[in-house]
Amino acid sequence: MNDRIVFHIDVNSAYLSWEAAYNLQMGSNLDLREVPSIVGGDQEKRHGIVLAKSIPAKKYGIRTGETVYSALEKCPQLIVVEPHYERYMKASKAMVDFLSDYSPNIQRYSIDEVFLDYSNGNLPYMEAAQKMKEGIKKELGFTVNIGIGPNKLLAKMASDFTKPDKIHTLFYNEIAEKMWPLPVEDLFMIGHRTKKKLNSRGIFTIGELAHLDKNYVYSWLKKPGLLIWEYANGIESSDVKSDKSKVKSIGNSTTLPFDVTTKDEALKVILGISEMVGMRLRELNMRAHVISVSLKTSEFFSYSHQKKLHIPTSSTNTIYKTASTLFEEMWDYNPLRCFSISLSSLLDEDFIQLSLFEDFNEKDILLDKSIDHIRTKFGQDSVIRSSFLYSGIDPIIGGVVAEENYPMMSSYL
DNA sequence: TCTGGGGTCCTAGGACCC
DNA sequence: TCTGGGGTCCTAGGACCC
């Protein structure tokens with residue numbers, strides 16, 4: 001096997017750093033990174049959770065994902081700023097552009113993380129990492145952690161060690177010393193549930209997991225068990241994929257500022273989301289075979305229904321009709337706070353046209369395409385359905401990041 | 001009291017076929 | 001009728017990631 005050198009570059013407190021850098025550029029003299037601050041959603045819209053926190057905020061015990069309300073209880077003088085996703089996309093892209101000078105082989109793993117294959121790099125890897133880190137700080141105004149390892153998993157684990165603005169290595173001969181003493185939940189792919197399971201059988205460190213019998217772990221935790229056992233032993237061999245992988249599903253969801261209690265309102269929300277997922281699907285020149293609707297009640301109970309269509313579609317109308325039927329099948333008249341529609345089993349349009357499918361909705365799709373065209377040219381609200389007028393519900397719902405396609409991210413490497 | 005949005009992959013049970 | 005199994009498809013739900 002040839003030795004690989006993989007870098008994992010991770011923006012420190014990404015959204016918060018980007019807000020801080022933006023504000024400084026705009027002439028502010030307060031650096032959000034130096035005071036207790038968070039990026040958080042609007043509580044009045046019921047979006048009030050912590051998306052990112054500064055290091056001073058972390059010292060108050062504030063954690064990503066908790067409510068803004070409880071963060072403010074922990075630290076009343078906390079500064080809360082709203083997220084601006086377009087800014088983050090720009091910052092993310094600028095970082096990828098900067099890094100592409102160092103290697104052609106870059107995988108954009110999420111908005112704030114990239115893998116970079118430096119196996120064929122010109123510089124010694126430490127020197128290269130140093131240059132990347134300093135260059136990003138100087139040119140783009142934010143700091144990153146860089147993890148270096150023989151595969152993606154170890155590089156990713158390394159970038160998580162101590163923060164911010166640090167470079168760490170994690171090669172095979174360093175696993176026992178640097179990774180095995182860590183608590184199991186620090187291992188990639190071990191979440192809350194798996195931590196509890198492992199702890200209940202006396203496994204508390206990554207090293208303890210690594211030393212278990214592989215077959216025992218498999219019979220206990222099945223495939224995910226095998227995966228985390230391999231990760232605990234530093235075993236992982238996926239490629240740094242620079243070409244975009246195929247999209248597997250497209251979904252949009254919304255939490256409304258108020259509970260929905262009538263079918264009429266619910267169907268408007270479903271139509272609004274159908275418009276968005278349909279638009280995104282057509283933009284990718286794909287059609288979907290499976291449509292799924294999930295609901296969350298005001299009590300936070302979630303449930304979903306899905307349907308496989310006989311003929312894959314990209315028509316907003318078909319998506320809406322199918323989603324409405326699914327909704328009516330499943331709704332038990334409890335007040336609803338969140339709606340989502342997801343399209344999966346996606347196929348390329350070209351493939352469909354060559355196949356034996358005869359789409360009944362060809363006219364709908366042509367109409368959708370001309371509406372898409374007008375919306376692209378004149379703005380999303382240039383064409384809206386009259387039923388939305390004065391309804392208090394947005395005619396097109398979802399789409400955190402406008403314009404650019406969100407980079408692909410998988411929970412697996 | 002308050003709890004987002006966008007993804008991927010896996011499992012288990014039932015239907016249906018041979 | 002006291003009765004198999006294997007394979008595939010479909011659906012609902014859950015685990016994890018950022």
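**Entry 1: DNA strand B**

I began at Ser253 in this predicted model. A backbone N or O atom of Ser253 sits 2.5 Å from a phosphate oxygen of DNA strand B. I then checked Arg337, where a polar side-chain atom is 2.4 Å from a phosphate oxygen of DNA strand B. Arg46 also uses its backbone: an N or O atom there lies 3.4 Å from a phosphate oxygen of DNA strand B.

Which elements give two or more residues to the surface near DNA strand B? I found helix H10 (214–232) and strand S9 (249–260). S9 provides the largest share, seven residues.

Next I looked at the whole surroundings of this strand. I noted 32 residues around DNA strand B, with Ser249, Asn252, Ser253, Arg280 and Arg337 the closest. Of the atoms of DNA strand B within 4 Å of the protein, sugar and phosphate make up 71%. I sorted the surface by class and got eleven nonpolar, 14 polar and seven charged residues.

**Entry 2: DNA strand C**

I turned to the other strand. DNA strand C has 20 residues around it, and Asp112, Lys156, Arg193, Thr194 and Gln306 come nearest. I looked up the contacts at Asp112 and Glu113. An N or O atom in the Asp112 side chain is 2.7 Å from a sugar or linking oxygen of DNA strand C. For the side chain of Glu113, the distance from an N or O atom to a sugar or linking oxygen of DNA strand C is 3.2 Å. Met189 reaches a phosphate oxygen of DNA strand C with a backbone N or O atom, at 3.1 Å.

What part of DNA strand C lies within 4 Å of the protein? Sugar or phosphate accounts for 91% of those atoms, and bases for the rest.

I listed the elements that supply at least two residues each to this surface: strand S5 (106–110), helix H8 (192–200) and strand S11 (302–313). S11 gives the most, six residues. By class I have six nonpolar, eight polar and six charged residues near DNA strand C.

**Entry 3: the four-stranded sheet**

S9 and S11 came up in both entries above, so to speak, as DNA-side strands: S9 for DNA strand B and S11 for DNA strand C. To be exact, S9 belongs to the strand B entry and S11 to the strand C entry. I traced their sheet. It is open, has four strands in the order S9-S12-S10-S11, and pairs antiparallel.

Why is one side of S9 and of S11 left without a neighbour in the sheet? Both stand at the edges with a single partner strand each, so that side stays unpaired. On average, neighbouring strands here are turned by 15° against each other, direction ignored.

I checked the inner pair too. S10 (residues 286–297) and S12 (residues 336–348) run antiparallel and are joined by eleven bridges. Ser294 faces Ser340 in S12. Helix H11 (residues 263–283) lies across S9, S10, S11 and S12, at about 155° to S9.

**Entry 4: the three-stranded sheet**

I moved to an open sheet of three strands, ordered S3-S2-S4, with mixed pairing. Strands S3 (50–53) and S4 (79–81) are its edges, and each pairs on one side only. The twist averages 30° from one strand to the next.

S2 (residues 37–40) pairs with S4 in the parallel sense, over three bridges. I picked out one pair: Val39 has Val81 in S4 as its bridge partner. Helix H1 (residues 14–25) packs on this sheet and touches S2, S3 and S4. The direction of H1 makes about 105° with that of S2.

Notes:
Residues are numbered from 1 along each chain as its sequence is written. Chains are lettered from A and ligands numbered from 1 in the order in which they are written. This is a predicted model: local features need pLDDT of at least 70, side-chain atom pairs count only at pLDDT 80 or more; totals for chains, interfaces and linings use all residues. Side-chain values use heavy atoms; hydrogens and water are left out. A residue is near a molecule or strand if one of its heavy atoms lies within 4 Å of it. A polar contact is a pair of N or O atoms within 3.5 Å; within protein, one must be able to donate a hydrogen and the other to accept it, and residues adjacent in sequence count only if both atoms are side-chain atoms. Ala, Val, Leu, Ile, Met, Phe, Trp, Tyr, Cys and Pro count as nonpolar, Asp, Glu, Lys and Arg as charged, and the others, Gly among them, as polar. Two strands pair if DSSP finds at least two bridges between them. Axes are lines fitted to C-alpha atoms, for helices over the stretch in contact, and angles run from 0 to 180 degrees between N-to-C directions. Contact means heavy atoms within 4.5 Å.
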